[in-house]
Amino acid sequence: MNASKVEIDSKSGFCFGVTAAIKKAEEVLDREGILYCLGDIVHNTAEVERLRRKGLITITHEEMERLHDVKMLLRAHGEPPSTYQLAKRNNIEIIDATCPVVLQLQRRIKTAWENDSSKNSQIVIYGKKGHAEVNGLVGQTAGEAHVVQNIAELQRLDPSKKIDLYSQTTSSLEGFREMVAELEKRFGSENLNWSDTICRQVANRLTAIKEFASSHEIVIFVCGAKSSNGKVLYDACLEVNPRSYFISSPEELQPEWTAGASSIGICGATSTPAWLMQETFRRLEEN
């Protein structure tokens, strides 16, 4: 296939938080050959495997409890205070790669929670339950914050208390605005204090990727299956171009998808490495 008919989206790929985390990991690995990482450094199996071959060992929170006297990277998603406390007890040296945007949000939530001594307010986080970033945010409130994924879950909130609303940094901007509108309707704007804490580098990709997807006949979306951001961006591609296909590796490409296509676009999520999109490009050229 003629390469001129295939384009890689220049705005896709790692956000600055993930880029910084991987750079920190590689610096330690190049020096020492081994580094532990609490959870997948990025929600992309191919990139995790690449770093594993360099010496990165991915562990769970349970496995961390048994670790002592090692270096461990905290990925961009961030961690609750309990993780730092355990690291101190076990003499684990932390390489902290928490995204600055996430770190700032953690501090805001912690300050709001600590300043509400009378407990007249409830902290609500719009995000995905169980997501690493959300776990870190909830941890700033000793587990007291409420996590809501959709409007239906608002019924669990206490109607007698005011609301401090925040958002997971990678959530949908449109979904967050709908949440604000619904809370104002139910609780009154005077009882709602909301902060738009969505990362604009991520949020702006939604508009950009729609423009990219609509400008091509076929779209190949490259992303790890575990990426929350990837699901949102792929859905955006499908919305404007029904001939969008999701793959996690170039091996999943099907020749019939692109047969006879005059224009093919390759894009991905904030967790998609550039080299994986480039490999997809090469595979399409070979077909």
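In this predicted model, a salt bridge joins the side chains of Glu 217 and Arg 243, with an N to O distance of 3.4 Å. This pair ties together distant parts of the chain, its two members being 26 residues apart. Glu 217 sits in the loop between α8 (200–214) and β10 (218–222), while Arg 243 belongs to the loop between α9 (228–240) and β11 (244–247). Both loop residues can be placed on the accessibility scale: Glu 217 is partly exposed, at a relative accessible area of 30%, and Arg 243 is likewise partly exposed, at 34%.

Helix α2 offers a pleasant contrast in setting. Here Arg 50 and Glu 47 form a salt bridge at 2.8 Å, N to O. The two residues both lie in α2 (residues 45–54), three residues apart, or about one turn of the helix. Glu 47 is buried, with a relative accessibility of 1%, whereas Arg 50 is partly exposed at 21%; the cut-off for a buried residue is under 20% relative accessible area. The contact between Arg 50 and Glu 47 also belongs to a wider arrangement, since these residues are linked with Glu 26 in a network of salt bridges.

A further pair in the helix is made by Arg 52 and Glu 49, whose side chains meet in a salt bridge of 2.7 Å, N to O. Arg 52 and Glu 49 are three residues apart in α2, and so about one helical turn separates them. Arg 52 is partly exposed, with a relative accessible area of 47%, and Glu 49 is partly exposed as well, at 29%. Such contacts are readily understood, because side chains of opposite charge can pair when their charged atoms come close. The model as a whole has 18 salt bridges, among them the pairs described here.

The backbone also deserves a look. Most residues other than glycine have a negative phi. Asp 69 is not a glycine, yet its phi is positive, at about 55°. This residue is found in the loop between α3 (61–64) and β4 (71–74), and Asp 69 is exposed, with a relative accessible area of 56%. Asn 91, another residue that is not a glycine, also has a positive phi of about 55°. Its location is the loop between α4 (81–89) and β5 (93–96). Asn 91 has a relative accessible area of 52% and therefore counts as exposed, the cut-off being over 50%.

Notes:
Residues are numbered from 1 along each chain as its sequence is written. This is a predicted model: local features need pLDDT of at least 70, side-chain atom pairs count only at pLDDT 80 or more; totals for chains, interfaces and linings use all residues. Side-chain values use heavy atoms; hydrogens and water are left out. Helices (H or I, at least four residues) and strands (E, at least two) are DSSP runs, numbered from the N terminus. Buried means under 20% relative accessible area, exposed over 50%, partly exposed in between (1.4 Å probe, protein chains only). A salt bridge is a side-chain nitrogen of Lys or Arg within 4 Å of a carboxyl oxygen of Asp or Glu.
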